[in-house]
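Biologist: Hi! Could you walk me through this one? I'd love to start with the metal site.
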Amino acid sequence: MKRAWSKKNLWERTPWWVKLSVGSGLSLLPAEWLLGRRFRRNCEFVEAAQWWPAERCREHQVNRLRETLTLAYDKTGFYRRTFDAVGFRPGDFRSLDSLLHLPTVDKEVVIENLVQMCTRSVEGKDVDYVSTGGTSGTPLYFYLNASRSYIEYAYLTKSWARAGYELGMPMAVFRGRMVQPDRNGLYHEYDPVLRHHYYSNFHLSDKNMARYLEHITTIGPCFLHVYPSSVAALARFCRCAGIRPPGNIRGVIAESEIVYPEQRQMIEEVFGCRCFSCYGHTEKLILAAECEHSPDYHVWPTYGYFELLDERDRPVATPGQRGEIVGTGFINTVMPLIRYRTGDWATYVGGRCASCGREHIVIRDIRGHRTQEVLIAADGSEISWTALNMHNDTFLRVRQFQFMQERPGHAILRVVPVNGFGEQDAARIRRNLGRKLDGRLAFVIELVDTIATSARGKAIYVDQRIPQARLNHTPFGPL
Ligand SMILES: [Zn+2]
């Protein structure tokens, strides 16, 4: 992966031991000053813009879309061809509805037209080449402005503020970073400028989890920044081992995977604080953050233009109706993605939030990446993994589980047992799941020591090996 020398990237690339020596003095300065004037300006804008009335948001969106469409038309062969084919003139763009005349694009279109979609040479220092990975299917490669971090981080920190986070607060991070053991053998690294404590979520044995939790108690009032699956593992461990979780955790920010309601409930019960989430993409299309008052997602209107389309590509604006999330990002001017189909689906809730008063589009129940969620029944129909995520005692004395499927109608349920797991537990799983599956899928239980995650440490709930005719885009950033 090629990376440019932006200030935040540069800091991230610096070895931890250099940071420790130079960082001890720097950590006395507020993090927002260290991240620069540009970051502070973005924070001010984001803070003000989140309270704009809907009319002002729309006006802003029309202007930003016209800029994006004009840039794409003037500078790229792909969009010039596409717009000409439907007689679209970006200069005449005046209302959001007229965007519907343009075709949508998806991952396959980007793979085929990568260079043709760029507005300038990608050799420059200010351009990053990034990918969204995947355990199956083709990874998507594309180009992004190296300066995006300032903008993105401003939106993220303003989103997290809804859960009580303040810039500069320590974060305990379990998010797929390769962390080396320190001199005590603890998988821990510290970034004194951002005050981030990185722990390894590739090493979540009982022994390591006990040590991580103990270490977290020493870092002061903090937030956990985690994958939902990682914090769920920590919560399950606390519960099974009867360990009291650190009392200094003020909130949990769980992102980059779907947060299942059962997980959220358990995390909030065990840690005694809010579990908060944002939805976004590596492609920088759309960013949505939960409300202070509910787990419903509010779509940031100034980050990108959001559309929800039904199966026949008609806009969804009826509360309760589901649609596919289609995004036009405002941040990426190197390779504009216009009406990009994310492959993620959500339920439309409304055009404003009555609890907080923000005039943002509100959505809930975001779901994506079918291959990670779906089992195929004997008759070829699909069974959603979430439907099998039991609320009751089915998975008592189970640390982790995962389905592996190679042919329709049959699956292996891999189970990582905790101490005391016995035939009784296996029988209960067979009975409860069997009732739900109702003969559609036969499965055998296989006890294993560990369950592999993706290369970036994210959970894979269904290791689906039946070839798919068309693999969807990877939601929530790289796997
Ligand atoms: Zn709200």
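Modeller: Happy to! A word on terms: donors are N, O and S atoms within 2.8 Å of the metal, and water is not among the atoms, so sites may look incomplete. Also, this is a predicted model.

Biologist: Good to know. Which residues coordinate the zinc ion?

Modeller: Cys291, Cys353 and Cys356 do so through SG, and His298 through NE2, at 2.1 to 2.3 Å. Along the sequence, the spacing of these donor residues reads C-x6-H-x54-C-x2-C.

Biologist: And why is the arrangement tetrahedral?

Modeller: Because the angles subtended by the four donor atoms run from 102 to 119°, and four donors count as tetrahedral if all angles lie between 85 and 135 degrees. For reference, the ideal value for four tetrahedral donors is 109.5 degrees.

Biologist: Nice. Are Cys353 and Cys356 buried or exposed?

Modeller: Cys353 is buried, at 8% relative accessible area. Cys356 counts as buried too, at 15%. The cut-off for buried is under 20%.

Biologist: Back to His298, what is its bridge partner in strand 15?

Modeller: Val362. Strand 11 (residues 297–299) and strand 15 (residues 362–367) run antiparallel and are joined by two bridges.

Biologist: What's the strand order in the open sheet of seven strands?

Modeller: The order is 9-10-11-15-14-13-12, with antiparallel pairing. Strand 9 (278–279) and strand 12 (304–309) are the edge strands, each pairing on one side only.

Biologist: New topic: where does Arg341 lie, and what does its side chain contact?

Modeller: Arg341 lies in strand 14, which covers residues 340–350. The Arg341 side chain makes a polar contact with the side chain of Asp313, at 2.9 Å. Arg341 is also buried, with a relative accessible area of 17%.

Definitions and conventions:
Residues are numbered from 1 along each chain as its sequence is written. This is a predicted model: local features need pLDDT of at least 70, side-chain atom pairs count only at pLDDT 80 or more; totals for chains, interfaces and linings use all residues. Side-chain values use heavy atoms; hydrogens and water are left out. Helices (H or I, at least four residues) and strands (E, at least two) are DSSP runs, numbered from the N terminus. Buried means under 20% relative accessible area, exposed over 50%, partly exposed in between (1.4 Å probe, protein chains only). A polar contact is a pair of N or O atoms within 3.5 Å; within protein, one must be able to donate a hydrogen and the other to accept it, and residues adjacent in sequence count only if both atoms are side-chain atoms. Two strands pair if DSSP finds at least two bridges between them. Donors are N, O and S atoms within 2.8 Å of the metal (3.2 Å for Na, K and Ca); water is not among the atoms, so sites may look incomplete. Four donors count as tetrahedral if all angles lie between 85 and 135 degrees; four count as square planar and six as octahedral if opposite donors are over 155 degrees apart and all others between 65 and 115; anything else is irregular.
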